[in-house]
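Have a look at the structure below and take a moment to find its strands and helices. Then we'll walk through it together.

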Amino acid sequence: MAKPVADPTGTLELGVDRSSPVPLYFQLSQQLEAAIERGALSPGSLLGNEIDLAGRLGLSRPTVRQAIQALVDKGLLVRRRGVGTQVVHSQVRRPLELSSLYDDLAAAGQRPETRVHTNILVPATAEVAAELGLAEGEPVHRVERLRLAHGEPVAYLCNHLPTGLLSLEDSRLEATGLYRLMRSAGLTLHSARQSVGARAATPAEAGHLGEAEGAPLLTMRRTTFDATGRAVEFGAHVYRASRYSFEFQLLVRP
């Protein structure tokens, strides 16, 4: 349900520099996007009338419409018939480091939520056995979870873990992140081997994530090791490309 906010942009310091070579619509779009990212325009908020916003900033209505459309195209705003233009969410930007998605979302104020879809013991496939350093067919935990932010699906997570490491009740998995559970069980997470890619959503993945079949998804495969070098978790995750991105920090080699 939309929040009863008539024009949250009225409280923002918005303005454009007409002497700048940057297009006016892009300046406005960047300011609105920044407001969404920092939470000044929260998910569910309704933007004010385009005509009012144009008049307040001294811009043409087509310029304001173009700025708003740029954010609609990015998935940050949505136009709803009979409702207006509504803030959907900010994109999740996650650094590439050994951290839990749950903790990253919580730190960014994204209100993480977890729904456990599968939590069973299965025989390790050849791939899973190789990643975890086990014999093929050996029992492993298979945990599949849907991770949400602000009530919207962000990622579908599939993890395999050796047996006997920690307690994996659904209630515990839904209350916090997997890495936090592992640390609370006395495991010291030391390093991980990780690869990032992209592909089209399968019908099942599209259904889980609220995307169209064939929509672009980001993928991540990660094998995590403890301080002794033992593999303690193998994850194969998919993320909505419209809601999620990975961030890299690059250093210049001397």
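Here is a short tour of some strands and helices. Keep in mind that this is a predicted model.

Let's begin with a hairpin. Strand E1, residues 77-80, runs antiparallel to strand E2, residues 84-87, and 4 bridges join the two. Between E1 and E2 sit 3 residues, and Gly 82 in that turn has a positive phi of about 80°. If you want a spot to check the pairing, find Arg 80, which stands opposite Gly 84 in E2.

Now for a pair of helices. Two packed helices are described by the angle between their axes and the distance between the axes. For helix H2 (residues 50-57) and helix H3 (residues 61-73), the axes come within 9 Å and cross at roughly 115°. Angles from 65 to 115 degrees count as roughly perpendicular, so that is how H2 and H3 lie to each other. The crossing of H2 with H3 is right-handed. Which residues make the contact? H2 brings Glu 50, Ile 51, Leu 53 and Ala 54, while H3 brings Arg 61, Val 64, Arg 65 and Ile 68. Sorted by class, that contact of H2 with H3 has 5 nonpolar residues, 3 charged ones and no polar ones.

Finally, look for the open sheet. Its 6 strands follow the order E4-E5-E6-E9-E8-E7, and the pairing is antiparallel. Strand E4 (112-123) and strand E7 (189-200) are the edges, each pairing on one side only. From one strand to the next, the twist averages 15°. At the E7 edge, 11 bridges pair E7 with strand E8 (residues 216-226) in the antiparallel sense. There you can spot Gly 197 opposite Thr 219 in E8.

Conventions. Residues numbered from 1 in each chain as written. Predicted model: local features only at pLDDT ≥ 70, side-chain atom pairs only at ≥ 80, totals over all residues. Heavy atoms only, no water. Pairing = 2+ DSSP bridges. Helix = DSSP H or I, 4+ residues; strand = E, 2+ residues; numbered from the N terminus. Axes fitted to C-alpha atoms, helices over the stretch in contact; angles between N-to-C directions. Parallel < 35°, antiparallel > 145°, perpendicular 65-115°, else oblique. Left-handed = near helix turned anticlockwise from the far one by under 90°. Contact = heavy atoms within 4.5 Å. Nonpolar A, V, L, I, M, F, W, Y, C, P; charged D, E, K, R; others polar.
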